[in-house]
Amino acid sequence: MVSEIPSTEPSIMLSSKRKIRVLAAFAALLLSALGVGCRGFFVNPTLTTVTVGPSGADIQIGKTLQMVATGTYDDGSTKTLTGNILWSSSDTSIATVSDSGLATGVLFGSAVITATSGTVSGSTTLNVSLANIIKIEVTPTTWSMQIADDKQFTAIATVQGGQQFDITDSAQWTSSNTSIAIIDSGGLASGVAAGTVSITATSDNITSNSATLTITP
C-alpha cells in the first residue's frame, strides 16, 4: 500500500498571500513617507520685493498707461503679479489707478503709484504733463540785480481752452549768456557778471516770451 504525500499547496499559497500583504503595506508606508517628504521639500517661494514699472513714466492729461507689478521671490525667481494686487495713487487729483493697474493722468504734476501684495509693496513716480500748450509766459518780464544775487522766475502755460498751469518746476529754462547769469531747472537765476541776458522757458516744444535780466556790479 502506497501512502499519500501531504499536499503543500495551501501552505505555499498562504505564505505568498502574506508576502503580498506585507509588500503592499510596505509600499503604502513608502508612498506616505515620500508624500510627506515631497511636501516638505517643495515649499512655495516667498515674495520679497515688488517692482512697479514703467519707472518714472510720463503721460499727458487724459491719457492712460498700464502699470506692471513684478514680484521677486526668495528663490531668485520673478514673475508678473496679476492677482490680489492692491493699486493706489498718492494723489488722485493728479493721477488715478484702477484695480488692474491702469493709470490715468488727471492734472499736471507727479503722483506715486504703489502696488501692494500682502505685506510687500513697491512704487514708482508717474509724471503727468500738459498737452496742447499754446503759450508760456515767464515773469517777471524784467529784473535787475547785483552779481551773486538770485531771482526766482515763474513760467505759466496756457493750453487750448484757456486753462493755465504753473510749469516752473518742469519747464526747460535757458539763459542767453551763462557767463553773465545762470538759471537752474527750477527757474532760479543767479548773477555771475555784469551784463544783460534773456531768460526763457520751454515745454512741449513751445518757448516762452523772453524775460530781460540785468546784472549790475
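Which residues along strand 8 point to one face and are buried, and which point to the other and are not? Ala103 and Gly105 make up the buried set, while Leu102 and Thr104 point to the other face and are not buried. That fits a general habit: in a regular strand the side chains alternate between the two faces of the sheet. Keep in mind while browsing that this is a predicted model.

**The chain as a whole**

Start with the overall numbers. The chain has 1 helix and 21 strands, so expect to spend your time on strands, given how helices and strands are counted as DSSP runs. Of its 217 residues, 30% are buried. The exposed area comes to about 13200 Å², with carbon and sulfur atoms supplying 56% of that. Looking at contacts between residues at least 6 apart in sequence, 50% join residues at least 24 apart. If you were hoping for ring-ring pairs, the structure holds 0 aromatic pairs.

**Around strand 8**

Back to strand 8, which has partners on record here in strand 3 (residues 64-66) and strand 7 (residues 95-97). Both pairings are antiparallel, and Thr104 turns up in each: its bridge partner is Thr64 in one case and Thr96 in the other. Strand 7 and strand 8 also form a hairpin with 4 residues between the strands, and there Gly101 takes a positive phi near 90°.

Just past strand 8 comes Leu107, in the loop that leads from strand 8 (102-105) to strand 9 (109-117). Is Leu107 buried or exposed? Neither, as it happens: its relative accessibility is 34%, so Leu107 counts as partly exposed. Leaving aside residues up to four places away in sequence, Leu107 touches Ile61, Ser93, Ile94, Val128 and Phe165. The C-alpha atom of Leu107 also sits 8.2 Å from that of Leu130, with the two positions 23 residues apart along the chain.

**Two open sheets**

Now for two open sheets of 3 strands. One runs in the order 13-18-17 with antiparallel pairing. Strand 13 (150-152) and strand 17 (181-183) stand at its edges with a single partner strand each, so one side of each has no neighbour in the sheet. On average, neighbouring strands in this sheet are turned by 20° against each other, direction ignored.

The other has the order 11-14-15, again with antiparallel pairing. Here strand 11 (133-139) and strand 15 (164-166) are the edge strands, each with a single partner, so each has one side left without a neighbour in the sheet. The average turn between neighbouring strands of this sheet is 25°, direction ignored.

Here are the antiparallel pairings from these regions, with their bridge counts:

| Strand | Partner strand | Bridges |
|---|---|---|
| Strand 3 (residues 64-66) | Strand 8 | 3 bridges |
| Strand 7 (residues 95-97) | Strand 8 | 3 bridges |
| Strand 11 | Strand 14 (residues 154-159) | 6 bridges |
| Strand 13 | Strand 18 (residues 188-191) | 3 bridges |

**Two lysines to click on**

Two lysines help to place these pairings on screen. Lys135 stands opposite Thr158 in strand 14. Lys151 has Ala189 in strand 18 as its bridge partner. What lies over the face of Trp143? That is Lys151 again, at 3.9 Å from the ring centre.

Key: Residues numbered from 1 in each chain as written. Predicted model: local features only at pLDDT ≥ 70, side-chain atom pairs only at ≥ 80, totals over all residues. Heavy atoms only, no water. Pairing = 2+ DSSP bridges. Axes fitted to C-alpha atoms, helices over the stretch in contact; angles between N-to-C directions. Buried < 20%, exposed > 50% of the residue type's maximum accessible area, 1.4 Å probe, protein only. Contact = heavy atoms within 4.5 Å. Areas by Shrake-Rupley, 256 points an atom, 1.4 Å probe, with all protein chains shown as cover. Phe/Tyr/Trp six-rings, centres within 6.5 Å; stacked < 30°, edge-to-face > 60°. Lys NZ or Arg CZ within 6 Å of the ring centre and 35° of its normal.
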